[in-house]
Structure formats: C-alpha cells, structure tokens
Amino acid sequence: GGVASADLDIRKIVENAILCQASAVVLSHNHPSGLALPSTDDFAVTDKARTALSAIGVDLLDHIIVADNDWVSLVQSGLYRPDECRLRI
C-alpha cells in the first residue's frame with residue numbers, strides 16, 4: 001500500500017479465520033486522513049471479504065473504520081447488514 005491506501009489480502013483474512021477456528025470476523029482499519037467516512041474501496045473490500053468468508057461458513061459481522069478521534073461502524077450506520085447478501089450503498 002501507499003500513503004493513501006493499502007491492499008487488503010482477502011486470502012489472508014480467510015486463512016486467519018480458518019487457523020483461529022473463527023465463526024465470525026469483524027474487520028477494522030484506519031484512515032490516516034483523519035476522516036472515518038467509508039470510501040468506495042472500503043465498500044468493495046467489505047463485500048469481497050463477506051463473500052469469501054461466507055464460502056467457508058464464517059460471518060462478517062462488521063467493518064469499522066477509525067480515524068483520529070472518530071470511528072464509523074458500517075453496521076451501526078446502516079451501510080452493512082450481516083444478514084443480507086450485499087451492502088446498502
């Protein structure tokens with residue numbers, strides 16, 4: 001990744017879920033910009049992670065974005081519902 005972005009390795013997330021025998025996962029990352037607003041890339045990676053984890057029977061419960069003294073939960077903000085198949089953009 002760079003200053004403005006970093007790649008998320010979906011395979012590594014799935015691998016760690018299997019190794020930890022996880023039944024659910026919560027993603028979290030920071031925005032060094034200071035704004036915790038989710039980006040288009042954040043929505044895309046949430047959907048990719050949900051799809052990959054679902055394939056192995058693991059639920060993606062939330063994706064939390066942290067920035068300075070702020071944070072955004074995609075679930076609390078109504079942008080992601082774990083019981084549905086896609087993001088609510």
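Among contacts in the protein chain between residues at least 6 apart in sequence, those joining residues at least 24 apart make up 63%. The model behind this figure, and behind everything below, is a predicted one. Of the 89 residues in the protein chain, 31% are buried. On the secondary-structure side there are 2 helices and 3 strands, and reading from the N terminus the elements come in the order α-β-α-β-β.

The strands are a good place to start. The 3 of them build an open sheet with mixed pairing, laid out as β1-β2-β3. The edges go to β1 (24–30) and β3, each of which has a single partner strand, so one side of each has no neighbour in the sheet. From one strand to the next, the twist averages 20°. In general, the strands of a sheet are held in pairs by backbone hydrogen bonds, in either a parallel or an antiparallel sense. Both senses turn up here. β1 and β2 run parallel, with 7 bridges between them, while β2 (residues 59–67) and β3 (residues 70–73) are antiparallel, with 4 bridges.

I64 is a handy residue for tracing the sheet from side to side. Towards β1, I64 of β2 is the bridge partner of S28; towards β3, I64 has S73 as its bridge partner.

H29 is found in β1 as well. Leaving aside residues up to four places away in sequence, H29 touches D42, H63, I64, I65 and V66. H29 counts as partly exposed, since its relative accessible area is 25%, and the cut-off for buried is under 20%. Further back along the chain, 21 residues away, sits L8, whose C-alpha atom is 9.9 Å from that of H29.

Next come the turns. The hairpin of β2 and β3 has 2 residues between the strands, and D68 there takes a positive phi near 45°. That deserves a remark because most residues other than glycine have a negative phi. D68 is not a glycine, yet its phi is positive at about 45°. With a relative accessible area of 65%, D68 is exposed. N69 also lies in the loop between β2 and β3, and its relative accessibility of 84% is why N69 counts as exposed. The C-alpha atom of N69 is 9.2 Å from that of A36, with 33 residues separating the two along the chain.

A second positive phi appears at Q21, again in a residue other than glycine, with a value near 55°. Q21 belongs to the loop between α1 and β1. Q21 is exposed too, at a relative accessible area of 72%.

That leaves the helices. Helix α1 (residues 10–19) packs on helix α2 (residues 40–55) at an angle of about 40°, and their axes are 10 Å apart. The two helices are therefore oblique to each other. As for handedness, α1 passes α2 in a right-handed crossing. On the α1 side the contact is made by I10, I13, V14 and A17, which meet V45, K48, A49, A52 and L53 of α2. Sorted by type, the residues of this contact come out as 8 nonpolar, no polar and 1 charged.

Helix α2 also has a place against the sheet: α2 lies across β1 and β2 and runs at about 155° to β2. A55, another residue of α2, is exposed, having a relative accessible area of 67%. The C-alpha atoms of A55 and V14 are 9.5 Å from each other, with the two positions 41 residues apart along the chain; V14 is one of the α1 residues in the contact with α2.

Put together, the picture is an open, mixed sheet in the order β1-β2-β3, with α2 lying across β1 and β2 and α1 packing on α2 at about 40°.

Notes
Residues are numbered from 1 along each chain as its sequence is written. This is a predicted model: local features need pLDDT of at least 70, side-chain atom pairs count only at pLDDT 80 or more; totals for chains, interfaces and linings use all residues. Side-chain values use heavy atoms; hydrogens and water are left out. Axes are lines fitted to C-alpha atoms, for helices over the stretch in contact, and angles run from 0 to 180 degrees between N-to-C directions. Angles under 35 degrees count as roughly parallel, over 145 as roughly antiparallel, 65 to 115 as roughly perpendicular and the rest as oblique. A crossing is left-handed if the near helix is turned anticlockwise from the far one by less than a right angle, and right-handed if clockwise. Contact means heavy atoms within 4.5 Å. Ala, Val, Leu, Ile, Met, Phe, Trp, Tyr, Cys and Pro count as nonpolar, Asp, Glu, Lys and Arg as charged, and the others, Gly among them, as polar. Two strands pair if DSSP finds at least two bridges between them. Buried means under 20% relative accessible area, exposed over 50%, partly exposed in between (1.4 Å probe, protein chains only).
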